[in-house]
Amino acid sequence: MSRWEDMKKDELERQFSPSQWSHRMSADDVIKAHVTALKEGTERARGLAQTLLNVPYGEGEGEKLDVYVPTTTSLDVPLVIYLHGGYWQFLSKDESGFMAVPLVHKGVVVVAVGYDIAPKGNMDVMVSQVRRSVVSVIQQYSHISGLYLCGHSAGAHLAAMILSTDWSQYNVTPQIRGAFLVSGIYDLLPILSTYVNEPLKMTEEVALRNSPSQLVPQLKLSSSNCDIVVAMAQTDSPEFRKQSEDYYKALESTGGLKVTLEDVPNTDHFNIIEQLVDGDYHLTQLLLKMMGKS
Ligand SMILES: N[C@@H](CC(=O)c1ccccc1NC=O)C(=O)O
């Protein structure tokens, strides 16, 4: 097995360029198609659900979230917070409501969180923002039947950082029932020397304190009752898949956590999450089942 520590810069950068590993399209086309799919799905969701857009969760201009509200009147209303991907430097909440399409029909509230991507935000800022967004959501929606997280790519990293929060400095302790971590990065050290870090400008110290792989004991303390699904795409690069496998193993080996590793067939880094617009998609079904809504 090759180790990232032994890789030359160009090989490491290829491993951390998800668009180069799709079997469906060229690198440029798969990113264009990804953005289009997210935008179209989000527009559809906005047509189907009632929405509360740009709800502030903090003082900052970028500290806003979008809520997709189901039209059902059930008392059992779970809420999923979605954290978008894009290497902490692309995308926004504005094209991140797509997964609400099948979920609002089933009576699930979906919240798409915005955060300040680089270069405006840095890693510490983004992690602080998404943590505060969770606190704000549970304060506003105290009547929900369960809180869930879903994150893609960099958003899966942020979701894992939320699970690893020491909530003692906050006013509340969120009880997160389940988390879907999709094609994420959990050890930031391998990207330090790559193009990904150019706008982020992380030092080794910043990368270490923001790596979920370093915070597994804290996750065990804070999120012991949370079902965790670590999902990876079949054609994610070997280093991306290793990130999921290693994080899964680290969580699993602490004992007492309910963790599963999902290797999703016929998917790449992008359509593994795009397909959440489809109610029949394997991960949508898993998420609904976890929430007791299948
Ligand atoms: N250089 C990256 C770019 C990338 O990851 C990306 C670009 C635009 C929108 C989303 C992206 N990634 C994942 O959500 C790549 O090779 O895929």
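**Close-up 1. What A233 touches in this predicted model.** Skipping residues up to four places away in sequence, A233 touches S183, R241, D263, V264, T267, D268, H269 and I272. One of these partners, V264, sits 31 residues from A233 along the chain, yet the two C-alpha atoms are just 5.3 Å apart. A233 itself belongs to strand β7. With a relative accessible area of 0%, A233 falls under the 20% cut-off, so it counts as buried.

**Close-up 2. Strand β6 and its two parallel partners.** Strand β6 covers residues 176–182, and 6 of its 7 residues are buried. To one partner, strand β5 (residues 146–152), β6 is joined in the parallel sense over 6 bridges. To the other, strand β7 (residues 227–233), the link is 5 bridges, again with the strands running parallel. V182 is a handy residue to pick out here: it is the bridge partner of H152 in the pairing with β5, and in β7 it has A231 as its bridge partner. For anyone tracing side chains in this view, those of a regular strand alternate between the two faces of the sheet.

**Close-up 3. The β5-α5-β6 crossover and the residue S153.** Strand β5, helix α5 (residues 154–163) and strand β6 make up a β-α-β unit, and its hand is right. S153 is found in the loop between β5 and α5. Have a look at its backbone: phi is positive, about 60°, although S153 is not a glycine. Is S153 buried or exposed? It counts as buried, because its relative accessibility is 4% and the limit is 20%.

**Close-up 4. H84 and its contacts.** H84 is in the loop that runs between β3 (78–83) and α3 (100–105). Its relative accessibility is 2%, so H84 counts as buried. Which residues does H84 contact, once neighbours within four places in sequence are left aside? The list is F90, L91, S92, K93, S96, V113, Y115, I117, H152, A154 and G155. H152 from that list also turns up in the strand pairing, with V182 of β6 as its bridge partner.

**Close-up 5. The ligand and the residues around it.** There are 13 residues surrounding the ligand, and the closest are S17, P18, S19, G86 and Y195. Three polar distances are worth putting on the picture. For S19, an N or O atom of the side chain is 2.7 Å from an oxygen atom of the ligand. For Y195, an N or O atom of the side chain is 2.9 Å from a nitrogen atom of the ligand. G86 uses its backbone instead, with an N or O atom 3.3 Å from a ligand oxygen. On its own the ligand has 400 Å² of accessible area, and the protein covers 91% of that.

**Close-up 6. Backbone oddities at P119 and N54.** The peptide bond from A118 to P119 is cis, with omega near 5°. P119 lies in the loop between β4 (109–113) and α4 (123–140). Where does N54 sit? N54 is part of strand β1, residues 50–56. Its phi is near 60°, a positive value in a residue other than glycine. N54 counts as partly exposed because its relative accessibility is 41%, in between the 20% and 50% limits.

Key
Residues are numbered from 1 along each chain as its sequence is written. This is a predicted model: local features need pLDDT of at least 70, side-chain atom pairs count only at pLDDT 80 or more; totals for chains, interfaces and linings use all residues. Side-chain values use heavy atoms; hydrogens and water are left out. Buried means under 20% relative accessible area, exposed over 50%, partly exposed in between (1.4 Å probe, protein chains only). Helices (H or I, at least four residues) and strands (E, at least two) are DSSP runs, numbered from the N terminus. Two strands pair if DSSP finds at least two bridges between them. A crossover is right-handed if, with the strands pointing away from the viewer, the path from the first strand over the helix to the second runs clockwise. Contact means heavy atoms within 4.5 Å. A residue is near a molecule or strand if one of its heavy atoms lies within 4 Å of it. A polar contact is a pair of N or O atoms within 3.5 Å; within protein, one must be able to donate a hydrogen and the other to accept it, and residues adjacent in sequence count only if both atoms are side-chain atoms. Accessible areas come from the Shrake-Rupley method with a 1.4 Å probe; for residues, only the protein chains shown count as cover.
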